Amino acid sequence: MPTVWIPALMRDLTGGEEVVQVPGQTVRQMIESLEERFPGIQDRLCDQDGLRPNINVIVDGEVSHHRLRQALSENSEIHFLPAISGGN
Amino acid sequence: MATGMHADEVQDQAVKPEMEYQVLGTRPIRPDGTDKVTGRALYGADIRLPGMLYGAVLRSPHAHARIIAMDTRRAQVFPGVRAVLTCDDLPEPERKIEGHGEGSVDVQYQSANVLARDKALYQGHAIAAVAATNPHIAKEALALIKVTYEIIPPVLDVRQAMQAEAPLLLENLHTDEMGRIDDHPSNIVSHVRHQRGDLQKGFQEAAVIVEREFTTSTVHQGYIEPQNATALYNPDGQLTIWCSTQGAFGVRDQVADILQIPVSKIKVIPMEIGGGFGGKIGVYLEPLAALLSLKSGHQPVKMTMSYDEVLASTGPTSASYIRVKIGANSEGRITAAEAYLAYAAGAFPGAPIWGGTNVIFGPYGIDNLLIDGYDVVVNKPKTAAYRAPGGTNAAFACETVLDEISEALGMDPLEFRLRNVAKEGDRRADGVPYGRIGFAETLEAARSHPHYAAPLPGSHRGRGVAAGFWTNYGGKSSATASVNPDGTISLVEGSVDIGGTRASIAMQLAETLGLSFTDIRPQVGDTDTVGYTEGTYGSRTTFATGWAAYELGISLRQKLIERAADLWGLDPDQVHYEKGVFTANEQRLTFKQLATKLHDSGSPIMASATVQPGREGPAIGVHIVDVEVDPETGKVQILRYTAIQDAGKAVHPSYVEGQIQGGVAQGVGWALNEEYIYDDQGHLLNASLLDYRLPTCLDLPMIDTLIVEVPNPGHPYGVRGVGEVPIVPPPAAIANAIHQALGVRMSTLPMSPARILEAIWAQNPSTP
């Protein structure tokens, strides 16, 4: 199963767990699995349009441009990080 | 990801030992050099159009004030005035993040920064604009606009702004903690946290623990060319903008969002640019010039800022408060590290706290850490990106503390860093594993450099070192190329050329095709002539647009192989191409020979490429500096400076060296002199280059550079971005040198003569 690193400020929802494994063939499915296990985390990651614009998803070390549509493998490692913003 | 290939796939076929490169690593003369040294290059202020009007901006004299009323009637009827603009002329866009990476903006805030709505949020905030038949009339008319303000107490200091009782700048702003939105309005925009391991256990294992506080001042990029924009809003609804920008597409998209018109109605023509360093990504004048053109009956309107306006009204980078606590064991291994960073965003959200939290412990492998970062609004100009945004502040704090720890351990400061380097597979503070980085190689190169071992005799002299880290950025780039019948290639790229990227991009196309650099004719396109390309920022252009050029080369090569095969009546698989020569069996055609046959053998040959590579690879720099401090005046003189940096592959070494030297020069200014000075009412007291003290050639020695090349596996030629990281280490390196010279630890930037004297006097109160 994909391995998800939980952002520090969301660990209140995971009982302090930093790294979890949840099923999902895409980031969207993986977040749905996270939500089943840790209710409330989906709202923190997503708004009505998808992944919140100030959050990036990093899959296997690379910022995903497909975001929720990003395909995952069994060995994928996923991080959610604050998006780089312009200071503009 | 680039089209069709993954980084790991292209690596095998493209990254070669240095000796095999024909073009990369050479130092050709830049294609735009002649025009620039002869003064013929055209900048935004050179634009002259028939019937052109001149715009000027009325700016708030107050740092924080509600706009109660505005009367523009006298200005409107003033002879020569053709249009007057207020916020009533601007649509009110909804919240939306436009753009990517360092180029991203919140359109609603951007609009309110371009022209204030109900509140002026800093001295210099644009309030209204006028277009007139000449600039003098425009300025006179500004004085006829009557604005009634209700003055509100300003908040200028980042820590004061974070207090619950602080005056609120934006009443609808609530703190965002990774999706958890606080119920109460606040000046704190967002909170970022990186946390790994067991901090308490890590500090318990430490033999030495150092905790210090640091403050840094608001500083400006100091580009020489002020912002400018000329707009022509045609009666057919087509808008053309000529401006000085780091990214034409970013201007197009921001103007479209602010004015709420389709991007297809806007053409942005980027002129040559006299520096940007992050400060020319967001728009200021462009929407105003466009609306003034519309309101004046479709006459072109030109607007240029004075340098006073540049300093007071465009985006500097954040002042900051940083607290760092680091522990290390007796073997020199860091056992725990903790940081708190509060960055002042200026009047609207967007301080580069992401940069600060990434950089602060960036190049080190640390298992137990906690980093908290805060983006905070204050009554100063909205900050913009500035070369490794947020990184210099953070490195000043961390690298100073590391120096103090290495001293306490009795360990060489470079050796101490070497014992803590992050290696491939180690985890960054945010948990993501590092790819291949050249930190150890860069530290070793610094330790072996003659400068590090050179004697430094004399009193009040000291040598300091510091390292710097920067994540770099990839982003979207496009380019097109067409083969000319004389065997040259016309290359159109979407990246504005600030530091020599016409050359560095053309060189990668030449290398891919086995041609000479002079066979490539590069030019920068406007938004109607080339595909979408993000701005020249994030150290991304040679990396990403260079990758697009590589893709062009691959595509052109294949098309030309097919044409040669067609001419010879062969299958393309039978044609071989190497170093500009097509061969098959006994037949042979050079690139130029084949080019002459294109017109008579089929359709023209051209290619386009779009890429969005994601493995940009971080940058590392290690700096060594010698200083002499005058204990009577507090003046710090830089005696010698050496900057060592991993460039991945230095495509054009002279331009890599230039980027390093430029970054160091700006870092020295940040370290020793530059700061925005305000009174307690938020009035900027040094808004001119006479009083805002940029370094000059008299302040700087020759800055020596040493390029280390640890290829980035995420690029066909191993390229890493080089432009930003050289500004990261200088303040820390200089602070550490000052400590060696005087025995005092500096914790505030700039380390101006007054602050040096204060530190000396604090160390020895009987001195004065």
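How many salt bridges are there over all chains? The count comes to 42. Keep in mind that this is a predicted model. I'll pick out a few of those pairs as we go, starting with chain A.

So, chain A. It has two helices and seven strands. If you walk along the sequence, you get β-β-α-α-β-β-β-β-β. In other words, two strands come before the pair of helices, and five strands follow. The C-alpha trace spans about 35 × 25 × 25 Å along its principal axes. What about the radius of gyration? For 88 residues, a compact globule would be near 12 Å, and chain A has 12 Å, so the two agree.

Now, how does chain A sit against chain B? On the chain A side, 29 residues make contact, and they meet 40 residues of chain B. Together the two chains bury about 2,900 Å², with 55% of that coming from carbon and sulfur atoms. Between chain A and chain B we count three salt bridges. One of them joins A:D12 to B:R180, with N and O 2.8 Å apart. If you have the structure open, go and find that pair. There are also nine residue pairs in polar contact between these chains, both partners at pLDDT 80 or more.

Which elements of chain A give two or more residues to the side that touches chain B? Those are β5, residues 55-59, and β7, residues 77-82. Strand β7 of chain A has the largest share, with five residues. Sort that side of chain A by class and you get 13 nonpolar, eight polar and eight charged residues.

Okay, over to chain B on its own. The domain assignment splits chain B into three domains, and each one is built from two stretches of sequence. Domain 1 is 7-30 plus 474-611, domain 2 is 44-152 plus 227-304, and domain 3 is 320-472 plus 617-763.

I want to look at domains 1 and 3 of chain B. Their C-alpha centres are 37 Å apart. Where they touch, domain 1 puts in 30 residues and domain 3 puts in 25. That contact buries about 2,200 Å², 59% of it on carbon and sulfur atoms.

How many salt bridges link domain 1 and domain 3 of chain B? Just one. It pairs B:R27 with B:E657, and the closest N and O atoms are 3.0 Å apart. Alongside that, there are eleven residue pairs in polar contact between the two domains, again with both residues at pLDDT 80 or more. On the domain 1 side, the elements giving two or more residues are α1 (7-14), α16 (501-513) and α17 (541-568) of chain B. Helix α16 of chain B gives the most, six residues. By class, this side of domain 1 has 14 nonpolar, twelve polar and four charged residues.

One last pair, and it's inside chain B. Side chains of opposite charge can pair when their charged atoms come close. Here B:R66 and B:E171 meet in a salt bridge, at 3.7 Å from N to O. Why does this pair tie together parts that are 105 residues apart in sequence? Because B:R66 is in strand β2 (residues 65-71) of chain B, while B:E171 is in the loop between α6 (158-161) and β9 (174-177).

Notes
Residues numbered from 1 in each chain as written. Chains lettered and ligands numbered in written order. Predicted model: local features only at pLDDT ≥ 70, side-chain atom pairs only at ≥ 80, totals over all residues. Heavy atoms only, no water. Domains from an automatic or database assignment. Contact = heavy atoms within 4.5 Å. Buried area = accessible area lost by both parts, 1.4 Å probe. Salt bridge = Lys/Arg side-chain N within 4 Å of Asp/Glu carboxyl O. Polar contact = N/O pair within 3.5 Å; in protein donor to acceptor, adjacent residues only side chain to side chain. Helix = DSSP H or I, 4+ residues; strand = E, 2+ residues; numbered from the N terminus. Nonpolar A, V, L, I, M, F, W, Y, C, P; charged D, E, K, R; others polar. Rg over C-alpha atoms; globule rule 2.2 N^0.38 Å.
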